[in-house]
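Here is a short set of questions and answers on one protein model. Please look over the sequence and the structure before reading on.

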Amino acid sequence: IEPAVRLSHFAEYRQIEIKAPGIGEEQLHVKINNNNLVIFYEIVIETQGRQLPMPQVVYNKQIPFFVDAQNITAHYTDGVLTVQLPFNELANGFQRDVPIAS
């Protein structure tokens, strides 16, 4: 069964909800690496008598410039992983008058 990913947009933040049937909270991971947000779970594969964790990526995208990466949060409730990406001051756009030199 493939995990279900739902993206939502709100006035103050974006939200990612992931429902992965059969995958427990302890198998899910949320990482920020080189300005990419990666959400994955691990399944264990046994080979030659050894157990190896294999990552299965559910979400892997660059964090937009208008998201406050330092304040990204995640919580797990009722079988759903919710990741919130709050906006920073750049979310409203950058605006200024540019003087014209003569």
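The questions below concern a predicted model.

Q: Is Gln15 buried or exposed?
A: Gln15 belongs to strand β2, which covers residues 13-19. Its relative accessibility is 10%. A residue is classed as buried under 20%, so Gln15 counts as buried.

Q: Which side chain forms a polar contact with that of Gln15?
A: Apart from its neighbours within four places in sequence, Gln15 is in contact with Arg6, Leu7, Ser8, Phe10, Thr82, Val83 and Gln84. A polar contact of 3.0 Å links the Gln15 side chain to one of these residues. The partner is Gln84.

Q: How many salt bridges are there?
A: The rule asks for a side-chain nitrogen of Lys or Arg within 4 Å of a carboxyl oxygen of Asp or Glu. The side chains of Arg6 and Glu17 satisfy it, at 3.4 Å from N to O. The count by this rule is one.

Q: How far apart in sequence are the parts that Arg6 and Glu17 tie together?
A: Arg6 and Glu17 meet through their side chains in a salt bridge. Arg6 is in strand β1 (residues 4-9) and Glu17 is in strand β2, so the pair ties together parts separated in sequence by eleven residues.

Q: Is Arg6 buried or exposed?
A: The relative accessibility of Arg6 is 52%. The exposed class begins over 50%, so Arg6 counts as exposed.

Q: How many bridges join β4 to β5?
A: β4 and β5 form a hairpin with two residues between them. The two strands run antiparallel, and Ile45 stands opposite Leu52 in β5. The number of bridges joining β4 to β5 is twelve.

Q: What is the phi of Gln48, in the turn of the hairpin formed by β4 and β5?
A: Gln48 sits in the loop between β4 (36-47) and β5 (50-62), and it is exposed, with a relative accessible area of 80%. Most residues other than glycine have a negative phi. Gln48 is not a glycine, yet its phi is positive, at about 50°.

Q: Which loop holds Asp78?
A: Asp78 is another non-glycine residue with a positive phi, of about 50°. With 75% relative accessibility, Asp78 counts as exposed. Its place is in the loop between β6 (73-77) and β7 (80-86).

How values were computed. Residues numbered from 1 in each chain as written. Predicted model: local features only at pLDDT ≥ 70, side-chain atom pairs only at ≥ 80, totals over all residues. Heavy atoms only, no water. Helix = DSSP H or I, 4+ residues; strand = E, 2+ residues; numbered from the N terminus. Buried < 20%, exposed > 50% of the residue type's maximum accessible area, 1.4 Å probe, protein only. Polar contact = N/O pair within 3.5 Å; in protein donor to acceptor, adjacent residues only side chain to side chain. Contact = heavy atoms within 4.5 Å. Pairing = 2+ DSSP bridges.
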